[in-house]
Amino acid sequence: MTRRPATPLPAPKARRRLRETAALTQTQLATRLGVTPGTVRAWESGRTTPRGRKREAYAKLLKTLAEEETTRQAKQEQEREGEQEREREREREGEREGEEKAAPEPAPEPGPEPRPEPVALTPAQAFDALYAFSAPALVRQTFLLTGRREQARESVERAFHTAWERWPEVARDRDPVGWVRATAYEYALSPWQRLRPRHRHPEPPPADPGDRTLLNTLLRLPPRHRRTLVLYDGVGLDLPETAAETEASTVAAANRLLHAREAVAGRLPALADPHVLHRRLAELASNERLGAAEPPTVRRGGERRARLRTRAAIAFTIALIGTTALTLRTAPTHYEPPVSPGQAVRGVPPRVAPGALSDEELELRQKLRDQLQDGPERLSPTLE
């Protein structure tokens, strides 16, 4: 039995752009689909993916919005071409009126040289190019979130491992760097990091006192405020992109950014200016010597992790099948009531071997035989 392929969906950022182009809020879109605004926010950030009927309805709605956007663009393009054509017609009329004599025909200009066709890259080459371009900057940015060098490097490598496992999806994304950055930030800020033994041993702080004070100030911020500040003032994203990457509304992202700036300015008044804060964050990240592994090493590490998970899943499935088969083999086929525990019975006369009746027993037997065996006389007591 074959499964029907899932309905294709645009990239998460394309979903948000289509909604905003159609002047729809997340609440309005959620009402049309019968879901919550938080679900729409997660779909637009790429953290979750709709399934089943919700996916089909969401894809159909996005297709309608895309068609409406294409119609609007085509109409605007036609209007723009018509305006340009009218402008060119007016210019030609002016040239005809001002011409007094025929001008010699100009020599034809040489046409542009044909551009060489781009060479298609293999998936491994494209992944290596993306890693070499973005990994060093992502490690420095993640260091601002965690304050730990090894954890920053590991978070970025784990994010690229996930990207290589889901490379067809990442390669088609409009912002592959943003996809990897969001995954790396999620792993770096995971609460499970505190349970690791390495987290109990502090790393040496930055050598510069100013950098050390700024890093401590950042680490005092709540994780969500710290991530918003790094994305907006450190990376340089705009507010809608920051809100989408942090899975928050634009208003919530703006409030987090303001609170984070106030907290930083409270301890470091010189950084109250956003431009100065941006420059200091870049300097803090650049002053640390944070290297990244080679692209082939990271790619092989991701493949090795995928093989281990596959083998673990196969082993677990085999163990589950064996346990189920053993249970079916040894389980009883009918209900057997449990045997109640034995109890000691007291007051029972000892068993006597059969023998001749005594005189009293013979007299009692004869008396019972002589009396009536039924009727009221048998029930009425008499005195002897």
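The lining of the largest pocket breaks down into 11 nonpolar, 7 polar and 4 charged residues (Ala, Val, Leu, Ile, Met, Phe, Trp, Tyr, Cys and Pro count as nonpolar, Asp, Glu, Lys and Arg as charged, and the others, Gly among them, as polar). This is a predicted model, so local features need pLDDT of at least 70 and side-chain atom pairs pLDDT 80 or more, while totals for chains, interfaces and linings use all residues. Residues are numbered from 1 along each chain as its sequence is written, and side-chain values use heavy atoms, with hydrogens and water left out.

The largest pocket has a volume of about 440 Å³, and of its 22 lining residues, Leu145, Thr146, His199, Leu219 and Arg226 come closest to the centre. A pocket here is an open set of points on a 1 Å grid over the protein atoms alone, where a 1.4 Å probe fits, with protein on both sides within 12 Å along at least five of seven lines; lining residues have an atom within 4 Å of a point. Volume is the space filled by probe spheres set on the points, which are joined across faces, edges and corners. Helix α9 (209-220) gives the largest share of this lining, 3 residues. Helices are DSSP runs (H or I, at least four residues), numbered from the N terminus.

The second largest pocket holds about 350 Å³, and its lining divides into 5 nonpolar, 3 polar and 6 charged residues. Both α1 (12-21) and α7 (167-172) supply at least two of them.

Technical notes. Helix = DSSP H or I, 4+ residues; strand = E, 2+ residues; numbered from the N terminus.
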